[in-house]
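Trainee: I'd like to learn how to read a ligand site and a metal site. Can we go through one together?

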Amino acid sequence: MSSTTDSNRVVIFDTTLRDGEQSPGASMNLDEKLRIASVLEEMGVDVIEAGFPIASNGDFEAVNEIAKVVKNSTVCGLARASHGDIERCAEAIKPAERQRIHTFLSTSPLHMKYKLQMEPDAVYDMVIDSVTHARNFVDDVEWSAEDGSRTEHDFLCRCVEAAIKAGAGTINIPDTVGYAVPDEFADLISMLFNRVPNIDKAIISVHCHNDLGLAVANSLAAVQVGARQIECTINGLGERAGNAAMEEVVMGIKTRQDRMPYSTGVATENIMKASRLVSGVTGFTVQPNKAIVGANAFAHESGIHQDGMLKHAGTYEIMTPESVGLTQSTLVMGKHSGRHAFAEKIKELGYDLGDNALNDAFLRFKDLADKKKEVFDEDLVALIDDEVVRDNDRIRLVSLEILCGTKHQPPKAEMELEIDGETLSCKSSGDGPVDAAFNGVKKLFPHQARLQLYQVHAVTHGTDAQAEVTVRLEENGRTVNGQGADTDTMVASVKAYVTALNKLLVKREKSAPAAISA
Ligand code: KIV
Ligand code: ZN
């Protein structure tokens, strides 16, 4: 990782696993969080905010496990201003080589009066107390003035000065409600640089929400007046309209060096991989025209543009697709490919499978290659995510038959599921083939979970492409996403449903106190 002492180096603080996970429906399980953390580390993110340890046992465990495996990035946990929060956070991040506690407190008149029901002087004292307490556990403490962009300047300056004096090395100014506009936000940061006497002792960070679509613009405007940490998420995931999108921030800086001569430690060639992973895990598909990572971001459809591109790529392209890791889908192999080449490919895709899982994956790859002429990288990722990393599932799909079409009304499903080692079968019907199949699952494994999302997308092009289905289920306020992939959309649908149910069962087993969010 490159040095962060260079005065033009912008620290990239990723909060996909904390603020991102707070998006309704974006909950992730431990294994998914570990995979995302590992990709973030590989891409050179400086700080990974891994979660909010006091929020639930699951959050604590995720932060703790990430702290055990991440070596190069700082692992950060979020804590409110209470001693209990801070101690739980310190415990969770303890195994990490580089640890940070991020503690926050609201400072705006609105939040202090209605949310905290505290007087400003009490808030001020609590800022000092929380930062001082956090410093008992770690050297690296970040303090955030929640709703900072709507805080009175005098009070913000007082709190920032006090937090730095108490030992915070990073001061974060959030635009919590996404209300700021770029020049105003830049003025706020400049105001702090001009008025806080000890400001040079800390790195100034910004954390912008996207309610007006200005999160990235606000973040970059702040950097131009001296902020040197940006808090952001992959694909702009986050509360409500989301946070500043990391890929946009990083590529903005990289592409416009003439106006923004700053650097980050992010290896941008990993951007697509991270985007696809986060989108796959959360079921939040990326809009086709999304900057940097949308499917059309590098597509040139109109004749005039195509003609220009053929003459000189610079005519319509300000960044290369390769710079964000977008390469032509690579043809992996066909059904004659050998086990060794397959193992190498799996490693290249970032998986570290044991012998059994590798054998299993190879057999499934052969099955897929029989059904599909060409197998691409994306197919392999879908196949492994779908089948191989699901060792502990209690419910598995054994067989499925669907009768539908104009002559079969209502559509009917016949299926076998293995539940806790026993194979059970049933027949069911429904309003459509998917409904019939899902009714069958409910018959064999009765449950109250409600379907919140059913989404299908093709992994690659062509009518023989694998369908990747996402199913989101909700039970007692807990939400899970399940994915399933297959060349048969109905099989993929039932796999996705069953995967979501399995995740819900794990959540039930680990049943934790109601989640708290920041
Ligand atoms: O948006 C916000 O203010 C936050 C803080 C906890 C940093 O997420
Ligand atoms: Zn936030």
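**Ligand 1 and the zinc ion**

Mentor: Sure. Start with a polar contact: an oxygen atom of ligand 1 sits 3.1 Å from an N or O atom in the side chain of D19. Keep in mind that this is a predicted model.

Trainee: Which other side chains have a polar atom by an oxygen atom of ligand 1?

Mentor: T176 has one at 2.6 Å, and H209 has one at 3.0 Å.

Trainee: How much of the accessible area of ligand 1 does the protein cover?

Mentor: Compare with the ligand on its own: of its 260 Å², the protein covers 96%. Two or more residues of the shell come from each of β4 (99-106), β5 (141-146) and β6 (170-175).

Trainee: How many residues surround ligand 1, and which are the closest?

Mentor: There are 12, and the closest are R18, D19, T176, H207 and H209. Sorted by class, the shell holds three nonpolar, six polar and three charged residues.

Trainee: Now the metal. Which protein atoms are donors of the zinc ion (ligand 2)?

Mentor: For a metal, look for N, O and S atoms within 2.8 Å. Here that gives D19 (OD), H207 (NE2) and H209 (NE2), at 2.0 to 2.1 Å from the zinc ion. Along the chain their spacing reads D-x187-H-x1-H. D19 lies in the loop between β1 (11-14) and α1 (30-42), while H207 is in strand β7 (residues 203-208), so the pair links parts of the chain 188 residues apart.

Trainee: Are D19 and H207 buried or exposed?

Mentor: Buried means under 20% relative accessible area. D19 is buried at 3%, and H207 is buried at 5%.

Key: Residues are numbered from 1 along each chain as its sequence is written. Chains are lettered from A and ligands numbered from 1 in the order in which they are written. This is a predicted model: local features need pLDDT of at least 70, side-chain atom pairs count only at pLDDT 80 or more; totals for chains, interfaces and linings use all residues. Side-chain values use heavy atoms; hydrogens and water are left out. Donors are N, O and S atoms within 2.8 Å of the metal (3.2 Å for Na, K and Ca); water is not among the atoms, so sites may look incomplete. Helices (H or I, at least four residues) and strands (E, at least two) are DSSP runs, numbered from the N terminus. Buried means under 20% relative accessible area, exposed over 50%, partly exposed in between (1.4 Å probe, protein chains only). A residue is near a molecule or strand if one of its heavy atoms lies within 4 Å of it. A polar contact is a pair of N or O atoms within 3.5 Å; within protein, one must be able to donate a hydrogen and the other to accept it, and residues adjacent in sequence count only if both atoms are side-chain atoms. Accessible areas come from the Shrake-Rupley method with a 1.4 Å probe; for residues, only the protein chains shown count as cover. Ala, Val, Leu, Ile, Met, Phe, Trp, Tyr, Cys and Pro count as nonpolar, Asp, Glu, Lys and Arg as charged, and the others, Gly among them, as polar.
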